Amino acid sequence: MKTKLLFLILAFTVMSMSSIAQSIVNFHVTEDGTFKTSDGADFVIVTYEGKDAHQIFQELAANVGSIYNNPSKVMSVVDDISIKIRALDDFLTNSTMGIPVGTWRGYYQLEFRIKDGRVRVEAPLIEPYFHDSNYTKPNKSYTKYAKGLFKNGEVKDNKKKEYYRLNYMMNSTINAILGSTKTKEEIDW
């Protein structure tokens with residue numbers, strides 16, 4: 001009963017947050033650990049009407065600066081052509097009797113290729129291993145973790161919360177870099 005209630009609260013929260021912020025891209029994790037769009041593509045083209053590559057690059061780089069504490073450590077760029085992010089995040093939380101006792105961290109990569117008027121957003125990539133934040137346990141395979149979310153190609157009922165959280169983590173970061181979470185006041189300051 002508690003699990004179903006927690007899942008409903010999480011689902012409502014995700015739906016509420018997604019209705020507040022405009023989602024530009026929406027990737028979802030697959031059984032092999034890769035991310036795809038609903039039509040199976042591994043990239044999305046986002047248009048920026050009336051902006052050249054330099055303007056788009058500047059906007060995305062500024063958004064990266066507002067998301068990460070030290071963007072120079074996670075971002076590599078080719079001016080006006082591409083931005084690549086490699087960052088560390090907490091993907092899983094271990095708990096004992098509902099109390100968090102540790103997390104599993106892993107690196108993920110995001111890539112944005114820029115041209116006049118558009119950006120090609122590559123599907124996020126999560127690197128092969130999660131590391132225990134306490135460094136007391138062996139590494140966990142991301143691919144095995146992703147495969148464990150599914151049974152016969154469908155997300156397992158008891159893994160839906162993890163599945164939606166993983167998708168939300170990746171999509172919300174990408175959409176924030178693309179500028180979907182900015183308010184009109186932030187844009188027109």
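The expected span of a helix is 1.5 Å times one less than its number of residues, and helices here are DSSP runs of H or I at least four residues long, while strands are E runs of at least two, both numbered from the N terminus. Let's try that on helix 5: at 1.5 Å a residue, its 19 residues should span 27 Å, and the end C-alpha atoms are 27 Å apart, so the two agree.

Before going further, some housekeeping. This is a predicted model, where local features need pLDDT of at least 70 and side-chain atom pairs count only at pLDDT 80 or more, although totals for chains, interfaces and linings use all residues. Residues are numbered from 1 along each chain as its sequence is written, and side-chain values use heavy atoms, with hydrogens and water left out.

Back to helix 5. Its buried residues (under 20% relative accessible area; exposed is over 50%, partly exposed is in between, using a 1.4 Å probe and protein chains only) include Tyr163, Leu166, Met169, Met170, Ile174, Ile177 and Leu178. Some polar side chains are on that buried list too, among them Asn167, Asn171, Thr173 and Asn175. Just past the end of the helix, Gly179 takes a positive phi of about 95°.

Now for the interior. A nonpolar core is a set of buried Ala, Val, Leu, Ile, Met, Phe, Trp, Tyr and Cys residues joined through side-chain atoms within 4.5 Å. The largest one here has 42 residues, and the members touching the most others are Leu60, Ile85, Phe112 and Leu178. Which elements give at least two residues each to this core? They are strand 3 (43-47), helix 2 (53-67), strand 5 (82-96), strand 6 (99-115), strand 7 (118-122), helix 4 (142-148) and helix 5 (160-178). Helix 5 makes the largest contribution, with 7 residues.

Leu178 is a handy place to look around from. Setting aside neighbours within four places in sequence, Leu178 is in contact (heavy atoms within 4.5 Å) with Ile24, Val25, Val46, Tyr48, Glu59, Leu60, Asn63, Phe112, Val119 and Val121. Two of those partners, Leu60 and Phe112, are also on the list of core members that touch the most others.

Next, the charges. Side chains of opposite charge can pair when their charged atoms come close. Counting a salt bridge as a side-chain nitrogen of Lys or Arg within 4 Å of a carboxyl oxygen of Asp or Glu, a search of the whole structure turns up 8. One of them joins Arg105 and Asp90, with 2.6 Å from N to O. Arg105 sits in strand 6 and Asp90 in strand 5, so this pair ties together parts that are 15 residues apart in sequence. Arg105 is partly exposed at 30% relative accessibility, and Asp90 is partly exposed at 28%.

Another salt bridge pairs Asp157 with Lys160 at 3.5 Å, N to O. Here Asp157 is exposed, with a relative accessible area of 66%, whereas Lys160 is partly exposed at 26%. Lys159 and Glu162 also meet in a salt bridge, at 3.6 Å, N to O; Lys159 is partly exposed at 25%, and Glu162 likewise counts as partly exposed at 27%. Elsewhere, salt bridges with shared partners join Glu111, Arg113, Arg120 and Glu122 into one network.

Let's move to the loop between strand 1 (28-29) and strand 2 (35-36), where Thr30 is found. Is Thr30 buried or exposed? Thr30 is buried, with a relative accessible area of 18%. Its side chain makes a polar contact with the side chain of Asp32 at 2.6 Å; such a contact is a pair of N or O atoms within 3.5 Å, where within protein one must be able to donate a hydrogen and the other to accept it, and residues adjacent in sequence count only if both atoms are side-chain atoms. Beyond four places in sequence, Thr30 touches Lys36, Ala146 and Phe150.

Glu31 lies in the loop between strand 1 and strand 2 and is partly exposed at 31%. Outside its sequence neighbourhood of four places, Glu31 touches Ala146, Lys147, Phe150 and Gly153. Glu31 and Gly153 are 122 residues apart in sequence, yet their C-alpha atoms are 6.9 Å apart in space.

Finally, some backbone angles. Most residues other than glycine have a negative phi. Asp80, in the loop between strand 4 (75-78) and strand 5, has a positive phi of about 65°. Asn152, in the loop between strand 11 (150-151) and strand 12 (154-155), has a positive phi near 55°. Asp80 is partly exposed at 25%, while Asn152 is exposed at 71%.
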